[in-house]
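Got your viewer open and your selection box ready? Let's take a walk through this one, stop by stop.

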Amino acid sequence: MNVFPTPFQTRRAFLGRVSHGVGAVALASLLEKSSSLHAASARPAARGVVYPLPLPQKAKRVIWLTMAGGPSQFETFDPKPKLAELHGEAMPESLTRGQQLAQLQGQRLVCHAPQFPFAKFGKNQTEICSLFPHIGSVVNEICLIRSMTTDAINHDPAHMFMNTGSQIAGRPSMGAWVNYGLGSEAENLPGFVVMVSTGPGRSPQPIATRQWSSGFLPSRFQGVQLNGRGDAVHYLTNPGRVSRAQQGADVQAITALNRQHDAFVHDPEIATRIAQYEMAFQMQASVPELTDLRGEAARTLALYGCTPGDGSFAANCLLARRLAERGVRFIQLYHRDWDHHSLLKEELPLRAKEVDQACAALITDLKQRGMLDDTLVVWTGEFGRTPMSQGNKGTVGRDHHNKSMSMWLAGGGVQRGRVYGATDELGYAAMENICTVHDLHATMLHQLGIRPDAFTVKFQGLDAKLTGVEGGGVIQGILA
Amino acid sequence: MTSWLNASFSGLSRAAAGRQAVAVIVSVARRHGDRRRPYALFALLAAGALAVSARGEDTFFAQRVAPIFEQKCVACHGEKKQKGKLRLDSFAQLMRGGEGGGVVKAGAPKASELFIRVTMDPEDEDFMPADSKPPLTPDEVKVLELWIAAGASETTSLAAIKGAPALAARKAPVAALAPDWHPRAAQIAQFEKSTGLRLVPRSAVPTDGLVLRTASAPTRCDDAALAQLAPLADLVVEAELARTKITDVGLVSLATFSNLCALDLTRTAVTSGGLGTLVPLQKLESINLTSTEVDDTGVARLKQLPALRKTWVFGTRVSTVAEDPAAAK
């Protein structure tokens with residue numbers, strides 16, 4: 001929902017707004033639209049700041065699957081027989097010297113064998129942990145990167161880095177960047193939607209809402225969290241006996257007041273608030289339609305392996321597809337509880353079971369509907385885990401690690417059935433085709449049609465960009 | 001019909017690929033830093049024709065080596081500029097060397113200045129091509145290496161040097177997908193305003209065509225809106241009509257979209273009968289019929305579309321296509 005003709009909330013935006021005389025039309029068309037009288041007053045959806053796109057768009061939208069906690073690459077996508085051979089022996093100091101560790105700092109570092117066998121899948125006989133047979137079954141669609149690295153070794157900064165390109169909170173999240181750049185395609189849904197799921201049982205570390213903040217971009221670009229269980233959006237339904245028309249009249253009146261005040265003080269956050277009221281009003285109609293899965297075939301539900309409304313990662317994956325169909329630009333799903341300092345052998349298979357079928361189903365479903373070609377799916381944790389065991393937290397697990405992690409992408413103009421990059425024999429550090437989070441961001445922007453290094457916003461005297469000061473290089477080797 | 005299984009890339013993507021490659025190279029080069037000494041040896045600029053004197057068409061030098069110089073080096077080391085007093089626009093010039101002497105030592109790539117300069121750390125100020133110009137690809141480096149190792153001769157035949165990387169398929173000249181939309185910008189704005197739909201340029205290249213976007217409010221797009229698009233029909237290369245209200249009547253309008261490459265009709269009321277009207281779309285490469293009432297007869301009608309490569313029929317009555325991805329493996 002665009003309220004400004006210009007995308008930004010600065011002096012420039014204000015001047016732009018005045019010169020275009022906008023603001024007045026904002027809500028005028030709202031009620032008309034909702035009563036499906038449109039043509040004359042209809043406004044096209046918001047246009048992004050990057051227009052026209054410098055590069056042809058390979059991906060129109062992104063579905064980002066965040067495995068929060070940091071899945072171990074040794075029990076997912078990076079087979080390391082040598083590590084098994086050295087199980088129980090000291091980790092070579094030549095590798096680990098100088099490395100900062102989260103919870104193993106100063107401890108004796110001992111090799112810990114991969115805990116589950118790997119199996120070969122797909123046309124290239126790609127080795128994937130046998131806990132992920134469904135993902136294995138779609139490996140021909142996937143581009144697996146075994147040489148990802150990150151800077152951070154603690155959860156919150158690592159998420160921050162993965163989401164914003166900076167470990168320090170306050171930068172815009174990538175979903176905000178993407179919507180700022182491309183504009184939101186959806187008129188009655190937010191352009192950036194977040195959903196969080198947790199398996200039953202443990203209570204993992206929380207995911208802070210600042211992970212989908214819009215940072216210094218206008219707050220209408222921030223992620224909006226939908227709940228997988230119960231009301232998708234809290235307090236969205238009208239109280240009994242309040243009709244849609246009444247509610248519309250209320251919103252209109254409030255907006256009129258807001259506009260009046262805005263005309264006086266010119267606070268861009270008021271414009272944001274107007275847009276949010278408008279969006280919320282639209283969502284009162286669009287969200288129930290979105291979450292109503294009665295139209296989904298039984299075989300689709302079976303494909304994902306979910307019960308509608310169960311709040312599972314699988315149900316969220318299905319909703320992600322539905323959001324994608326409805327023009328939502330950036331969809332981020334978090335599945336928590338991958339932080340296996342302990343109970344690695346006991347807990348990780350449960351997480352695998354919670355996501356394996358759903359991830360594969362999402363790819364299969366997008367593909368059969370002709371949407372995978374232009375949807376970029378990304379599966380990643382916030383960091384990897386150590387090849388060394390951690391025993392100081394009870395049963396054996398692995399510590400956080402930033403020198404190696406595995407992740408995958410699918411669709412969106414990325415090569416299919418590809419394995420890219422490699423770690424050393426013990427999986428300690430990425431060795432071949434080392435990728436950084438900045439590179440990943442750059443690649444994503446590139447596939448969306450944006451030049452990563454030219455996509456900047458002036459902030460505190462710098463040309464701030466998602467790919468950070470260091471910049472990121474598009475990972476050419478994985479592009480189709 | 002191979003349905004979604006077919007992953008071959010369309011002309012649309014191919015045309016795009018050429019430009020993309022350029023974009024990418026720039027970004028890579030930038031990453032490698034841009035402090036370079038001004039007297040640089042090589043430089044970029046693919047343009048500019050140059051006379052590489054090739055005796056005999058089938059020599060390795062003429063076929064494989066000279067084109068690399070042409071593309072990556074002669075803009076600075078050619079007829080117009082001779083940085084470092086080096087010219088690479090002919091075998092003789094190459095062998096003459098630059099101000100530092102010879103640049104090729106036959107049989108010894110690693111001792112040849114030419115080879116050293118293109119393979120050193122790109123951050124090094126002596127690295128070539130200089131000034132963040134596109135570096136040689138690994139394949140190109142390999143070609144140089146093989147050629148020097150084999151004696152750096154002008155006359156060695158193409159077949160005599162084994163193991164050279166296959167030539168990348170010649171990129172077809174980037175063809176216009178549609179007429180330049182700029183002259184009709186006002187009409188486009190008017191259409192957007194009156195219908196609430198969007199006509200988005202595919203890229204900054206003005207002849208890349210427009211994408212008709214309706215996802216913001218699919219219910220706004222109906223047969224009448226498509227009819228309004230008639231004066232702009234030739235600009236549209238992609239029509240995203242999923243979940244819109246269009247019917248077979250709208251397909252009649254669509255049949256005049258002469259440059260249409262991709263059409264998404266997911267969950268619309270179009271029928272098999274209506275699909276027959278799309279036959280004039282000579283450039284249509286993909287059509288998405290997911291969740292429509294289309295059946296085998298409709299898909300049969302599409303067989304007349306010469307460019308069609310992908311058809312999605314998930315959730316339709318079409319029986320002839322393997323829908324189950326597991327079964328299709």
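Start with chain A and its contact map: of the contacts between residues at least 6 apart in sequence, 74% join residues at least 24 apart. Keep in mind as you click around that this is a predicted model.

**Stop 1: chain A as a whole**

Colour chain A by secondary structure and you should find 13 helices and 16 strands. The radius of gyration is 23 Å, close to the 23 Å that the globule rule gives for 480 residues, so chain A is as compact as a globular protein of that length. If you want a bounding box, the C-alpha trace of chain A spans about 70 × 55 × 40 Å along its principal axes. As for burial, 57% of the 480 residues of chain A count as buried.

**Stop 2: the two domains of chain A**

Now make two selections. Domain 1 of chain A takes 1-33 + 241-295, and domain 2 takes 56-230 + 309-478, according to the domain assignment. Their C-alpha centres lie 34 Å apart. Where they touch, 17 residues of domain 1 of chain A are in contact with 13 residues of domain 2 of chain A. What classes of residue does domain 1 of chain A put on the side that touches domain 2 of chain A? That side has ten nonpolar, six polar and one charged residues.

**Stop 3: the eight-stranded sheet**

Stay in chain A and show the strands β6-β5-β7-β1-β8-β11-β4-β12: in that order, they form an open sheet of eight strands with mixed pairing. Its edge strands are β6 (224-225) and β12 of chain A, each pairing on one side only.

Zoom in on β5(A) and β7(A), which pair in the parallel sense over six bridges. To see one of these pairings by residue, pick Val196(A): its bridge partner in β7(A) is Tyr334(A).

Next, bring in helix α12 (residues 344-368) of chain A, which packs on the sheet and touches β1, β7, β8 (375-381) and β11 of chain A. The direction of α12 makes about 165° with that of β8(A).

**Stop 4: strand β4 of chain A**

Select residues 142-148 of chain A. Is strand β4 buried or exposed? Seven of its seven residues are buried, so β4(A) is largely enclosed by the rest of the structure.

Show the backbones of its partners as well. Strand β11 (residues 405-410) of chain A runs antiparallel to β4(A), with five bridges joining them. Strand β12 (residues 418-420) of chain A pairs with β4(A) in the parallel sense over three bridges. Ile145(A) is a handy residue to centre on: Met407(A) in β11(A) stands opposite Ile145(A), while in β12(A) the bridge partner of Ile145(A) is Tyr420(A).

**Stop 5: helix α7 of chain A**

Select residues 174-182 of chain A next. Nine of the nine residues of helix α7 are buried, so this helix is largely enclosed by the rest of the structure. Display the side chains and you can go through the buried residues of α7(A), among them Met174(A), Trp177(A), Asn179(A), Tyr180(A) and Leu182(A).

What do the buried residues of α7(A) pack against? They pack against β1 (61-67), α6 (155-164), β5 (192-197), β7 (330-335) and α13 (437-447) of chain A. Relative to the strands, α7(A) lies across β1, β5 and β7 of chain A, running at about 170° to β7(A). Just after α7(A), click Gly183(A), whose phi is positive, near 80°.

**Stop 6: over to chain B**

Hide chain A and show chain B, which has eleven helices and six strands. Buried residues make up 46% of the 329 residues here in chain B. On the contact map of chain B, 64% of contacts between residues at least 6 apart in sequence join residues at least 24 apart.

Select the strands of the open sheet, six of them in the order β1-β2-β3-β4-β5-β6 (chain B), with mixed pairing. β1 (198-201) and β6 (310-312) of chain B stand at the edges with a single partner strand each, so one side of each is left without a neighbour in the sheet. From one strand to the next, the twist averages 15°.

For a last close-up, select residues 262-264 and 286-288 of chain B: these are strands β4 and β5, pairing in the parallel sense over three bridges. Label Ala262(B) and then find its bridge partner in β5(B), Ser286(B).

How values were computed:
Residues are numbered from 1 along each chain as its sequence is written. Chains are lettered from A and ligands numbered from 1 in the order in which they are written. Two strands pair if DSSP finds at least two bridges between them. Helices (H or I, at least four residues) and strands (E, at least two) are DSSP runs, numbered from the N terminus. Axes are lines fitted to C-alpha atoms, for helices over the stretch in contact, and angles run from 0 to 180 degrees between N-to-C directions. A residue is buried if 20 or more other C-beta atoms lie within 10 Å of its own, exposed if 12 or fewer, and partly exposed in between; C-beta atoms are placed from the backbone. Two residues are in contact if their C-beta atoms, placed from the backbone, lie within 7 Å. The radius of gyration is taken over C-alpha atoms; the globule rule is 2.2 Å times the number of residues to the power 0.38. Domain bounds come from an automatic or database domain assignment. Ala, Val, Leu, Ile, Met, Phe, Trp, Tyr, Cys and Pro count as nonpolar, Asp, Glu, Lys and Arg as charged, and the others, Gly among them, as polar.
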